[in-house]
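Dear colleague,

Please find below the structure that I am handing over to you. My notes on it follow directly after.

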Amino acid sequence: MKPQKYMNPYLAGFLLGLVLLGTIYVTGRGLGASGAVKSVVLSTVIKVAPEHSANTPFIKTFNEEHPDGPLKDWLVFEVIGVMIGAFLSGVISNRVGIKLERGPNITNKTRIIAAIIGGILFGFGAQLGRGCTSGAALSGMAVMSFGGIITMFAIFGSGYAVAYFFRKLWLK
Amino acid sequence: MGPLVPFIISNEFNLVIALIAGIGFGFVLEQAGFSSTKKLVGLFYGYDFTVLKVFFTAGVTAMIGVLLLAHWGLLDLNLIYINPTFLWSALLGGSIMGVGFIIGGFCPGTSICAASIGKLDGLAFVFGGGIGVLLFAELYPMVKNIFLSKAWGGVLINEMLGMSKTTFAFLLTTVAIVAFYVTGLIENRVNGVPSSVDKKKRAIYKSAIGLAFFTLSIIAFLPDSNGQMEARIIKELKKKNFESVLIQSDKLASEIVNNYFRINIIDVRDTAAFRAYHLPFAINIPIEKMSDRQWKKILDQKHKANYFYAVDQQAAEKAWLIAGYLGKSENYILNESPLSFRKLFSDLVPPGPDANKKEINTFNFRKKAATDMKMLIEALKNSTEPVVVKTNKIKGGC
């Protein structure tokens with residue numbers, strides 16, 4: 001069976017807006033993603049290298065802010081939900097399967113390396129900027145946070161600024 | 001009234017809510033095509049603006065929804081999480097994220113979606129994201145200054161631009177619609193195909209735009225829940241007879257002395273006036289803050305009677321009406337001003353030699369009440385400090 005077409009972007013946006021609105025109404029906070037990565041990574045570090053964690057101020061503070069354990073965190077549960085939701089959607093639309101997507105002129109290896117480097121930059125930037133596209137930009141826009149909106153402009157602005165230099169990764 | 005957490009839904013159950021919200025989030029992202037890196041990056045090369053369309057539509061929908069819920073008094077905007085602004089770290093962090101977006105082809109949320117349906121590049125991005133977080137934790141001392149500088153707190157964009165929230169929402173909705181139109185043109189040119197929005201779709205888009213502006217007009221032009229309450233109160237102020245709920249100072253003083261644990265004395269003047277002088281055991285709830293959620297447990301309970309006083313009689317009557325609007329407590333109004341209460345009990349003038357028996361009795365009563373109140377205040381010193389009720393500020397962020 002062929003994968004089904006993607007949803008109309010405006011309809012998807014409207015539904016996403018309703019999910020976000022519902023979340024804000026019920027919990028008083030928006031959606032997020034990178035925070036969960038942070039919780040998982042730092043809790044691993046705390047388990048693996050407790051001594052080192054105690055000497056690293058950022059991890060120490062994080063640990064102190066999570067007295068019930070860093071994984072009992074709203075965003076961790078939310079991201080587990082994201083995985084379930086995305087998987088369900090993939091199943092419904094026939095898109096599940098081991099795949100690798102890349103630009104036409106690069107090898108699989110280059111794509112994986114680029115994805116890791118991009119991930120590192122995004123992970124670092126999201127910590128510095130206190131949130132990623134979901135937590136800062138999208139949720140910030142919904143509540144009219146100045147910080148969230150300038151983060152959004154910085155993300156997309158810098159994306160456009162450097163897009164030309166990395167065009168070989170994506171275009172013919 | 002929202003947010004439902006933590007007052008109506010417990011923090012524990014909130015984690016279940018998180019799971020449900022996440023399922024909705026992930027499902028819609030994947031349906032929109034955000035699990036495909038080519039679709040995401042198309043935004044930057046002009047061949048596919050799906051990201052912009054989904055993102056902007058979602059942001060505008062949620063923003064208008066938040067305003068509408070607040071307008072109807074269903075959502076308390078003072079309690080929701082506003083991402084704090086740290087100018088430099090937001091700009092620098094955002095710029096780094098932008099580069100990561102172009103090189104990696106994802107953002108964290110979308111990479112998780114992609115990984116969930118088996119995309120290896122998505123998985124690699126998530127892995128990289130983990131390294132990035134770790135790197136930040138290790139390098140934190142070096143970036144600490146940038147991370148913490150220019151902390152402006154939870155400022156709002158409309159405040160920065162000097163306009164109302166509704167005006168900003170109007171503006172952003174208009175910008176979004178123009179952007180959808182223009183990017184559609186760009187998309188067609190880059191892909192070399194003619195526009196293909198059929199009649200039916202066009203009609204749907206038009207009605208969606210109409211609905212957005214219609215909702216914004218409701219928010220802008222119809223009175224909000226506070227306005228409605230205000231209007232009703234002004235009407236009632238004119239016709240209501242307050243006789244039955246008026247309490248004289250002497251009666252209140254004896255209530256304080258004998259039943260202090262069964263009454264709340266509520267001072268609805270501003271904080272400065274309250275600090276200058278207030279009745280014994282009074283709680284300060286400035287009249288414009290009465291509907292704040294933190295006072296609900298005082299204004300809507302059945303164990304204690306509430307006695308209101310204000311600068312003048314009319315203000316006290318208004319507070320009484322607001323209290324009736326907000327809850328079902330037993331409410332009364334002090335018939336005199338706080339200053340005359342003070343005069344009666346603090347600056348006692350002994351009756352003259354030709355005073356009659358009633359005057360002497362009143363004097364004796366007031367003198368005793370004044371001493372008793374003083375003793376009570378002394379005895380209950382620790383519990384009579386103005387009650388500071390901590391508002392639970394919701395934590396959020398990415």
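In which hand of crossing, left-handed or right-handed, does α3(B) pass α9(B)? The crossing is left-handed. Please bear in mind throughout that this is a predicted model.

The pair of helices deserves a fuller description. Two packed helices are described by the angle between their axes and by the distance between those axes. Here, helix α3 (residues 50-71) of chain B packs with helix α9 (residues 199-221) of chain B at an angle of about 30 degrees, and their axes are 10 Å apart. Because angles under 35 degrees count as roughly parallel, α3(B) is roughly parallel to α9(B). On the α3(B) side, the residues that meet α9(B) are B:Val60, B:Ile64, B:Leu67, B:Leu68 and B:His71. Their counterparts in α9(B) are B:Ala212, B:Thr215, B:Leu216 and B:Ile219. Sorted by class, this contact comprises 7 nonpolar residues and 2 polar ones, with no charged residues.

Chain B as a whole

The secondary structure of chain B consists of 17 helices and 7 strands. Its C-alpha trace spans about 105 × 55 × 35 Å along the principal axes. The radius of gyration of chain B is 30 Å, whereas a compact globule of 398 residues would have one near 21 Å. Of the 398 residues in chain B, 38% count as buried. Taking the contacts in chain B between residues at least 6 apart in sequence, 67% join residues at least 24 apart.

The contact between the chains

In the model, 116 residues of chain B are in contact with 111 residues of chain A. On the side of chain B that touches chain A, the largest share, 21 residues, is supplied by helix α6 (residues 120-148) of chain B. The residues on that side of chain B divide into 72 nonpolar, 37 polar and 7 charged.

One residue in detail

B:Ile17 is located in helix α1 (residues 11-32) of chain B. Is B:Ile17 buried or exposed? B:Ile17 counts as buried, because it has 20 C-beta neighbours inside 10 Å, and 20 or more is what the term requires. Leaving aside residues up to four places away in sequence, B:Ile17 touches A:Val26 and A:Thr27 in chain A, together with B:Ile9 in chain B. B:Ile64, named above among the residues of α3(B) that meet α9(B), is 47 residues from B:Ile17 along the chain, and the C-alpha atoms of the two are separated by 22 Å.

With kind regards

Conventions:
Residues numbered from 1 in each chain as written. Chains lettered and ligands numbered in written order. Predicted model: local features only at pLDDT ≥ 70, side-chain atom pairs only at ≥ 80, totals over all residues. Contact = placed C-beta atoms within 7 Å. Helix = DSSP H or I, 4+ residues; strand = E, 2+ residues; numbered from the N terminus. Nonpolar A, V, L, I, M, F, W, Y, C, P; charged D, E, K, R; others polar. Buried ≥ 20, exposed ≤ 12 C-beta atoms within 10 Å, placed from the backbone. Rg over C-alpha atoms; globule rule 2.2 N^0.38 Å. Axes fitted to C-alpha atoms, helices over the stretch in contact; angles between N-to-C directions. Parallel < 35°, antiparallel > 145°, perpendicular 65-115°, else oblique. Left-handed = near helix turned anticlockwise from the far one by under 90°.
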